[in-house]
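Colleague: I'd like to go through the labels on this one and hear what backs each of them up. Could you show me the structure before we start?

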Amino acid sequence: MSRDTPDTLDALETRDPNERERDLMARLPALVAQAQTAPGWADILAGIDARAVDHRAGLAQLPVTRKSQLKDLQAQRMPLGGLTSTAPRSLARIYMSPGPIFDPEGRAQDWWRFARPLYAAGVRAGGLLQNCFSYHFTPAAFMVESGAARIGCTVIPAGSGQTEMQVQALASLRPDTYVGTPSFLKIILEKAFETGADVSCLRHALLSAEALPDSLRKWFADHGVPHVCQAYASADAGNIAYETRTDGVLNPGMVLDEDVILEIVRPGTGECVAPGEVGEVVLTIFNPDYPLIRFATGDLSSLLPDAVSPCGRTNARIRGWLGRADQTTKVRGMFVHPAQVHEIARRHGLPKARLVVTGKISDETMTLQCEAEDAGSIDTAGVVATIRDVTKLRGDVALVARGSLPNDGKVIDDRRDYS
């Protein structure tokens, strides 16, 4: 049964996990069919029977579309790659990120699903937040605007830059919440302390778009902002996951959004990894205008084993952003991709492999570290031959004990000396 609590935006966040899973899988065929009405997705999902994609195993058979492909897809079908089920000129906005990569926004309320992270960070109806994300070309500021409007919170559209005016707005208007990057919040607070401005009104912060080390989180607490949470979002996917607090204490991990199906896959592939293993974040997102089907973000993360957060939210949790999955590197003039390492491991039945590159540029050594239950069962000469066949480069093999390679999502480990 669903239940409302004072600490959640709505009853969806506290559903029984089995109820949530049934609901997502029941909605999945219609999402795939919706995507197939867009010409870009029609090409990607050609031959797929949407009605059969009603379980995770069926979803896992669909092709992965990578964020790194968006620029090329959009160049083929301007401006949005034929990936929107709503015509571009019927959208509310089109954004432009560096690349350029274009991102759509539809007209539905809280289109980016950003009310959940805002609410978890302490934003409430009748509150006032200072929105310090940029309003120029990119969507982050508008994610905040739409989420705040759903909650009923008033927004100061401060944008980025103009530090002295930011301090003046804080001191004069007395917002209770800052939303923006962690580095800019630190700059604003340092300027306030330097000028003697009273910014004690600021009690909550929702931070994103940059890493937030524990040292900086502590700095905020020590300087008057005790309730700091992070959101994990992107310009194409909107809100993905967010941190929560219980009685002021930060809870482990980041809770997934209610309209997201998450898979963690081995980098460079569409193959799901074991629970708890680090891999690439792949998203399927229920969006009325921009359906995303197995969209690989290029980010690394892993699922936490315990689904229920101390805050009462029952959705799955991830560890947060753990680095980038695209570890493609160039060795002796040839690009080597994570998918190639996976292919070598697949051909020889290796449970896990990591390509380590050492030496200096133009004088590198490639060594494929391979986990093995029984070293005697591995045809190392055959693996060496496969390395050359797949990568067109010479490489060595080093056998290591099963489970000894770190759980950090690395498939290619570049340890070269660049000095």
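Modeller: Let's settle burial before anything else: buried means under 20% relative accessible area, exposed over 50%, and partly exposed in between (1.4 Å probe, protein chains only). This is a predicted model, where local features need pLDDT of at least 70 and side-chain atom pairs count only at pLDDT 80 or more, while totals for chains, interfaces and linings use all residues. Residues are numbered from 1 along each chain as its sequence is written, and side-chain values use heavy atoms, with hydrogens and water left out.

Colleague: Why is arginine 266 called buried or exposed, whichever it is?

Modeller: Arginine 266 has a relative accessible area of 17%, and the cut-off for buried is under 20%, so arginine 266 is buried. Glutamate 277 also counts as buried, at 17% relative accessibility.

Colleague: What makes arginine 266 and glutamate 277 a salt bridge?

Modeller: The term asks for a side-chain nitrogen of Lys or Arg within 4 Å of a carboxyl oxygen of Asp or Glu. Here the closest N and O atoms are 3.1 Å apart, so the pair fits the definition.

Colleague: And aspartate 259 with arginine 27, why is that pair said to tie parts together?

Modeller: Their closest N and O atoms are 3.0 Å apart, which makes a salt bridge. Aspartate 259 lies in the loop between strand S12 (254-256) and strand S13 (260-265), and arginine 27 in helix H1 (residues 17-35), so the pair ties together parts 232 residues apart in sequence. Helices (H or I, at least four residues) and strands (E, at least two) are DSSP runs, numbered from the N terminus. Aspartate 259 is partly exposed, at 23% relative accessible area, and so is arginine 27, at 29%.

Colleague: How do you know that the buried residues of H7 are on the same side?

Modeller: In helix H7 (residues 163-173), Gln166, Val167, Ala169 and Leu170 are buried. They cover an arc of only 160° around the axis, which puts them on the same side of H7; the arc is that of the directions from the helix axis to the C-beta atoms. Glu164, Met165, Gln168 and Ser172 are exposed on the other side.

Colleague: What do domain 1 and domain 2 bury between them?

Modeller: About 710 Å², 55% of it on carbon and sulfur atoms. Buried area is the accessible area (1.4 Å probe) that two parts lose on being put together, summed over both. Arg266, Pro267 and Val278 supply 49% of the area that domain 1 buries against domain 2. The domain bounds, 12-324 and 329-414, come from an automatic or database domain assignment.
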